[in-house]
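Colleague: I would like a close look at a single part of this protein, with its surroundings filled in afterwards. Please take one strand or sheet and work outwards from there.

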Amino acid sequence: MLSDSKPSILYGNQKIDKDMREKVTEIKKRFLENDEDPRVSPYVPLEIAESWIRSKNNHVDPYTNHLGYMLSPEEQEILAESKKDLIEIAVPFMKKYLSLLSVSGYTLLLTDEKGTLLYVEGEGRNEPHLKFGSVVSEEYAGTNAHSLCVRLGQAVQFIGPYNYSVTLNENIVSAAPIFDENHHIIGALTIYQLIPENDISNMQTHSLGWVISMAYAIEQQLILKKSNNHLILSNGTLEATLSFVSGGLITLNKQGYISHINQEGNTILSLGFASLNDEHYSQYIKDTRPIKDALENGIPAHNHEVIIIKDHLEKRYLMTVNPVLDENNIPNGAVIHLSPIEGIKKLVNDLRGAQATYGFENLVGKSPIFLETIATAKQFSKMYANVLIQGESGTGKELFAQAIHKDFRPEGPFISINCSAMPRNLIESELFGYEGGAFTGAERKGRPGLIELANEGTLFLDEIGDMPLEIQPVLLRVLEDKKVLRIGGQKYIPVDFRVIAATNKDLKTMVMEKAFREDLYYRLAVFKLKIPSLRKKKDDILELANFFIQGTCKRVGRKEIPSLSSPVKEKLIEYNWPGNVRQLENAMVYAVTMAQSKLINLKDLPDDILYPEIISNQPSNAVSLEDAEKNAIKNAIIQTDYNVADAAEILGIAKSTLYNKLKQYNIPL
C-alpha cells in the first residue's frame with residue numbers, strides 16, 4: 001500500500017521562487033532549442049531530465065495547448081468498465097472533499113496507471129484537454145507529475161517548469177500513486193495549482209499531504225469493496241483519512257460547534273476525551289472574525305495568522321477557513337485547517353533558499369594562515385555565542401558564516417541580510433516584520449520579519465557597519481531578550497537564533513567615532529574571526545584559480561578545461577589582489593572566456609591584472625575593483641550571448657542585481 005511505499009520526492013522544494021522557476025525554464029528552453037543536456041544542470045533532478053529527453057524522443061510538442069489525445073468512444077467504454085470500481089470509490093472523495101482544500105484554484109485529477117484521465121474536479125474541469133478518456137501520459141503529453149509518480153511508485157511534488165509542456169510552467173503539482181491490494185499501481189491522484197506570484201508564503205504546504213491521504217483512503221475503500229464491505233466513508237475511515245492530513249483539520253457545524261477533528265487538531269486544541277458536541281471553536285481560537293465570516297456569510301479566509309490558547313500559553317498558527325455550503329449555497333458549517341507557524345516559516349525559508357550551501361569541506365586553500373583560520377572557525381562553531389567576521393571585501397566572509405552555521409545548526413534556516421543593500425525606509429519592517437495594517441502599504445495579513453524567520457537557525461548580518469544607527473538599539477534589545485515585536489504588534493514573539501555578523505570596516509574605530517553603538521559591538525563580537533586577504537595566502541592562489549576555471553567550464557558546458565601558462569602563474573602570484581578571492585574568480589571567468597586554446601596566456605587576463613601600475617596611480621582601490629567587476633560582467637554577458645539569467649548564474653549574483661549593474665556601468669544589451 002501507499003503507506004508502505006518509499007518517501008515522497010519534493011523536486012525543487014529548496015527554492016521555489018521566481019528566480020528558481022526562471023532558471024529551470026531557461027534550462028528547458030536551451031534543451032528544447034539547442035539540445036543542451038539537462039542532466040548536467042544542478043537545477044534539474046536526474047529523473048526530470050531523463051523524462052524530458054524521453055519526451056523529446058517521443059516527439060511531444062512542448063508548446064501545444066492540446067496535451068495528449070482522446071480515446072475513441074469504444075475505447076472510452078472499455079476504460080469505464082475496467083476502472084469502474086476505482087471511479088466509483090474515488091469520485092465521491094474528490095467531489096466531497098475538494099472543498100476541504102484551503103485555497104481556491106486547485107484542480108484534482110484521477111488518472112489510470114497509463115495516464116488516461118478518469119475524472120477531473122476543481123477549476124480545470126472546463127479545460128478541453130482534461131476530459132474523461134484524454135491520454136495525458138508522458139509518452140503523449142511529456143513530463144508530468146502523475147506519470148512520474150507511477151513510474152517511480154511514490155508520491156512526488158514539483159514546480160511547473162519541470163513539466164515538459166511550457167503551458168504548465170506556472171503550476172505547483174503534487175501526485176500520489178494508487179495501489180491495489182496486491183501492491184500494483186492502478187492509478188494516480190494529482191493536484192495542481194497556480195503558484196501565487198511573488199508570494200511564497202501562500203504556497204499550500206498540505207497539498208501533497210492531501211493527495212497522499214486521499215489516495216490512501218481510496219485504497220482502503222477498494223479493499224473494503226473487494227471484501228464485500230460497502231461502508232463507503234464510515235466514521236472510522238474518515239478518521240483514518242483525516243489523520244494523514246498535515247496540520248490540524250477541524251469541521252464545525254453551522255452553530256460553530258466542533259463536529260469532527262483529526263488527531264493533530266485534537267493535540268493543538270488539547271481536547272483530550274471531551275465530548276465534541278460541547279466544544280465551541282471560540283473557546284480555543286482568539287481571533288474569531290474569519291470563522292464568523294465563513295459561518296455567517298460563506299466567506300473563506302486563507303493563511304490567516306491566529307493565536308491558540310493552550311495551557312495558559314499563546315501559540316501562533318496559520319489558519320485557513322473554508323465554508324461548507326449546501327445545495328443553495330447557504331453556509332452550513334466550516335472547515336478549519338491549522339498549520340504551526342514554525343513549520344510554515346521553515347517551508348518559506350526552504351523555498352526562498354534560506355539555507356547554507358557551503359561547509360568547511362568546501363573552503364579551498366591549504367596555506368598555513370588559511371588552515372589556521374578554518375580551525376579557529378570550527379572552534380567557534382561549537383559555541384552558541386555570536387561571531388563577528390572581519391576581512392576585506394571579497395575574502396569570503398559569507399562562506400565562513402555558512403560553514404559555521406552548517407557545523408552548528410545544519411537543519412535550521414540561514415537568513416542572510418545585507419545591511420548596506422537594504423533601503424533605510426524598509427529595513428525596520430524587513431527585520432522585525434509587521435502586523436496587518438501597521439502602516440500604509442502593509443499587507444492585510446501582516447508579515448514575519450527576517451529575524452523571526454531565523455528562529456532555530458542563524459541570522460547573518462553582512463556589512464553590519466552600515467546598519468543605521470537608529471535601528472541598532474532595537475536590534476540590541478532583540479539580541480538581549482531573544483524576543484521580537486512586530487511593527488504595530490502588541491505581543492512579543494520568542495526567537496532563538498545565533499548571530500554571525502561580517503564587516504570590512506573597523507568597528508572599534510567606528511565606536512570611538514560614535515558611528516556604531518559600543519554595546520551592540522560587544523554583543524556581536526563575543527568571538528572575532530579575521531579572514532586573511534588573498535595577498536597573505538599566496539600559496540592558495542593557483543589552487544583557487546584552477547578551482548574557478550573548472551567551475552566556470554562546468555557552468556558553461558565547456559568540456560576542454562584550459563591550463564594556466566607559466567607566465568600567467570607568475571603574474572597571478574605576484575599580483576596584489578585588492579579585490580581578493582572575488583576578483584580572482586572574476587579574472588578566471590574572463591580568462592576562460594577569452595582563451596582560444598588549451599592554454600590561458602597573459603593576453604587572456606583582464607587589463608587591471610596585466611597593467612597594475614595604471615591602477616596604482618588611481619587615488620584608491622575602488623576604481624580597480626570597479627573595473628574588475630565591470631570587465632567580469634561584460635565578459636559574462638558576451639560569453640552567454642547576452643542572456644542575463646545565464647550571466648547572473650556565472651557571476652553568482654541575482655538577476656535583478658545584474659540588471660542594476662548593467663545600468664550602473666552603462667553596459668548595453
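Modeller: What follows starts with one sheet and its aromatic pair, and then turns to other parts of the chain.

The model is predicted, and the mean pLDDT of the protein is 80, with 82% of its residues at 70 or more. The protein has 26 helices and 24 strands. Of its 669 residues, 52% are buried. Among contacts between residues at least 6 apart in sequence, 65% join residues at least 24 apart.

The part I would take is an open sheet of five strands, in the order 15-18-21-14-22, with parallel pairing. Its edges are strand 15 and strand 22 (527-530), each of which pairs on one side only. From one strand to the next the twist averages 20 degrees. Confidence in the protein is highest in strand 14, at a mean of 95.

At one edge, strand 15 runs parallel to strand 18, and five bridges join the two. Phe 414 has Thr 458 in strand 18 as its bridge partner. The structure holds 10 aromatic pairs. In one of them, the rings of Phe 414 and Phe 460 have centres 5.8 Å apart and planes at 20 degrees, so this pair is stacked; the cut-off for stacking is under 30 degrees. The pair links distant parts of the chain, with Phe 414 in strand 15 (residues 414-418) and Phe 460 in strand 18 (residues 457-462), 46 residues apart. Both rings belong to buried residues: the relative accessible area is 4% for Phe 414 and 0% for Phe 460.

Phe 547 and Phe 548 form an edge-to-face pair, at 5.7 Å centre to centre with 65 degrees between the planes. In that pair, Phe 547 is partly exposed at a relative accessible area of 45%, whereas Phe 548 is buried at 10%. Two lysines also meet aromatic rings. The charged end of Lys 56 sits over the ring of Phe 31, 4.6 Å from the ring centre. The charged end of Lys 483 sits over the ring of Tyr 492, at 5.3 Å from the centre of that ring.

Back at the sheet, helix 12 (residues 368-381) lies across strand 14 (387-390), strand 21 (497-503) and strand 22. The helix runs at about 155 degrees to strand 22. Ser 367 has its place in the loop between helix 11 (341-351) and helix 12. Ser 367 is buried, with a relative accessible area of 2%. Beyond its neighbours within four places in sequence, Ser 367 is in contact with Lys 537, Asp 539 and Asp 540.

Elsewhere in the chain, strand 7 (residues 171-179) can be set beside this sheet. Nine of its nine residues are buried, so strand 7 is largely enclosed by the rest of the structure. Both faces are covered. On one side the buried residues are Asn 171, Val 173, Ala 175, Pro 177 and Phe 179, and on the other they are Ile 172, Ser 174, Ala 176 and Ile 178.

Strand 7 has antiparallel pairing with strand 6 (residues 156-159) over four bridges, where Val 156 stands opposite Ala 175. Strand 7 also pairs with strand 8 (residues 185-194), in the antiparallel sense over nine bridges. In that pairing Pro 177 stands opposite Ala 188. The hairpin of strand 7 and strand 8 has five residues between the strands, and His 183 takes a positive phi near 65 degrees there.

Some stretches call for caution. The mean pLDDT is lowest in helix 8 (residues 235-242), at 46. Over residues 198-205 pLDDT stays under 50, and the model has 25 contacts beyond four places in sequence for this stretch. Residues 347-353 likewise stay under 50, with 27 such contacts. Where pLDDT is low, the predicted coordinates should not be read in detail.

Note on methods
Residues are numbered from 1 along each chain as its sequence is written. This is a predicted model: local features need pLDDT of at least 70, side-chain atom pairs count only at pLDDT 80 or more; totals for chains, interfaces and linings use all residues. Side-chain values use heavy atoms; hydrogens and water are left out. Rings of Phe, Tyr and Trp (its six-membered ring) pair if their centres lie within 6.5 Å; planes under 30 degrees apart count as stacked, over 60 as edge-to-face and the rest as tilted. Buried means under 20% relative accessible area, exposed over 50%, partly exposed in between (1.4 Å probe, protein chains only). A charge sits over a ring if NZ of Lys or CZ of Arg is within 6 Å of the ring centre and within 35 degrees of the ring normal. Two strands pair if DSSP finds at least two bridges between them. Axes are lines fitted to C-alpha atoms, for helices over the stretch in contact, and angles run from 0 to 180 degrees between N-to-C directions. Contact means heavy atoms within 4.5 Å. pLDDT is the predictor's confidence in each residue, from 0 to 100.
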